[in-house]
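The following exercises concern one protein structure. Please study the sequence and the model, attempt each task, and then compare your reasoning with the worked solution.

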Amino acid sequence: MKERIVVVGGYGHVGQKICTELGERYPGKVYAAGRNFARAEQFSLSTGGKVKPLQLDIGYPIDLGIWDTIKLIVMCLDQTDTTFVQACLDRGIDYVDISANDLFLSQVERLHAEAASSRATAVLSVGLAPGLTNLMAHYAKRLMDQTNAIDISIMLGMGDQHGNAAIEWTIDNLGTKFDVIQDGVRTEVMSFTEGKKTDFGAGLGRKKAYRFNFSDQHVLPRTLDVLSVSTRLCFDSSAVTGFLAWLRALGVFSLLEFTPIRSAAILLFSKIKLGKEMFAVKIDAWGTKGQQDMLVECFLQGKKEAEITAKVAVVVADAIYHSSHPHGVYHIEQLFRLEDLLGSIDQVVTYETRIISA
């Protein structure tokens, strides 16, 4: 009988939180999986056996001996190809992914027909960013007849605890060039350039955020058919944000290509605790309703970014596990609405929408 839930990377920073919540809902059916069985087993013991350990190397998925009993995979690791995803979908196993790499996510999108024919559902862009950012953008778009542009701004607290994978991803994207869609045209931009002041709402005010290679800005033009989408990042410490922008202007981030310097940067970033244990997301969407120009502003604030990512993943995984959804590959905003998730996280976040008509 297919009833097991396997969380790949389940003993990691976010994976543990996902496993713990799913383990409370489905005790004994949730598996924390990864290459290090000792770590998986140690974590399993801390849950009182509600979460079980599983040794799994996604590079060799064919060796997984319990394929026929798995109903759902929750992926918490970054991948470079779709071998494992395809193995899941070919077997009719539902799949949820919290990764933020659009190059990989766009490859998974191409498996839509295969997933549909195998009666499997894959949900991508699950978490805070991407995830809630996608849903907030979708919500803003639904309030207008025509949406011309969406700006997404993300503020992360330097006092928050971020997992190693999240820190490595941030460091690796500090010096990147990437494409965005502006007025329907693909345009190359650079991380930590084109700073823009954004109002993050109550208690935070306006902060300057800079372009960053979050996947939501790449996905939303495809899923929402919006001609201009951009995502920017800042930290609650304006000094840290400004310092990073200054380093970018000097070209220092090119040195991150050297492993010792990259490793030192990751270590330094993990040690900095200059701010609060919080995050904020702001959506600015411009468009029209009827004959009027309109600006829709969406504000979200909360604490512990990793916990919110886990909670979003749990809500989505739970819905896919016990409910029927269209088969195929989808991003979160194609199957869910913001309202579907706010009820499950409203005790740990605050949300507000403002509508300005011209």
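A salt bridge is a side-chain nitrogen of Lys or Arg within 4 Å of a carboxyl oxygen of Asp or Glu. The model is predicted, so local features need pLDDT of at least 70 and side-chain atom pairs count only at pLDDT 80 or more, whereas totals for chains, interfaces and linings use all residues. Residues are numbered from 1 along each chain as its sequence is written, and side-chain values use heavy atoms, with hydrogens and water left out.

**Exercise 1. A salt bridge**

Task: Determine which parts lysine 50 and glutamate 24 tie together.

Solution. Step 1: Side chains of opposite charge can pair when their charged atoms come close. Step 2: Lysine 50 and glutamate 24 form a salt bridge, with 3.1 Å from N to O. Step 3: Lysine 50 lies in the loop between α2 (37-46) and β3, while glutamate 24 belongs to helix α1 (residues 13-25), so the pair ties together parts that are 26 residues apart in sequence. Helices (H or I, at least four residues) and strands (E, at least two) are DSSP runs, numbered from the N terminus. Step 4: The search of the whole structure finds 16 salt bridges.

**Exercise 2. The open sheet**

Task: State the strand order of the open sheet of 7 strands and identify the edge strands.

Solution. Step 1: Two strands pair if DSSP finds at least two bridges between them. Step 2: The order is β3-β2-β1-β4-β5-β6-β15, with parallel pairing. Step 3: β3 (51-55) and β15 (328-331) are the edge strands, since each pairs on one side only. Step 4: From one strand to the next, the twist averages 20 degrees. Step 5: Within this order, β5 (residues 94-97) and β6 (residues 121-124) run parallel and are joined by 2 bridges; valine 96 has valine 123 of β6 as its bridge partner.

**Exercise 3. A hairpin**

Task: Describe the pairing of β8 with β9.

Solution. Step 1: Strand β8 (residues 177-182) pairs with strand β9 (residues 185-190) in the antiparallel sense over 6 bridges. Step 2: Glutamine 182 has valine 185 in β9 as its bridge partner. Step 3: The hairpin has 2 residues between the strands, and aspartate 183 takes a positive phi near 55 degrees.

**Exercise 4. Two helix pairs**

Task: Classify the crossing of α6 with α13 and that of α4 with α8.

Solution. Step 1: Axes are lines fitted to C-alpha atoms, for helices over the stretch in contact (heavy atoms within 4.5 Å), and angles run from 0 to 180 degrees between N-to-C directions. Angles under 35 degrees count as roughly parallel, over 145 as roughly antiparallel, 65 to 115 as roughly perpendicular and the rest as oblique.

Step 2: The axes of α6 (residues 128-142) and α13 (residues 338-345) come within 9 Å and cross at roughly 130 degrees. α6 is therefore oblique to α13. The contact involves Leu132, Leu135, Met136, Tyr139 and Arg142 of α6 with Leu338, Glu339, Leu341 and Ile345 of α13. By class there are 7 nonpolar, no polar and 2 charged residues (Ala, Val, Leu, Ile, Met, Phe, Trp, Tyr, Cys and Pro count as nonpolar, Asp, Glu, Lys and Arg as charged, and the others, Gly among them, as polar).

Step 3: The axes of α4 (residues 102-109) and α8 (residues 216-223) come within 9 Å and cross at roughly 30 degrees. α4 is therefore roughly parallel to α8. Asp102, Ser106 and Glu109 of α4 meet His218, Val219 and Arg222 of α8, a contact with 1 nonpolar, 2 polar and 3 charged residues.
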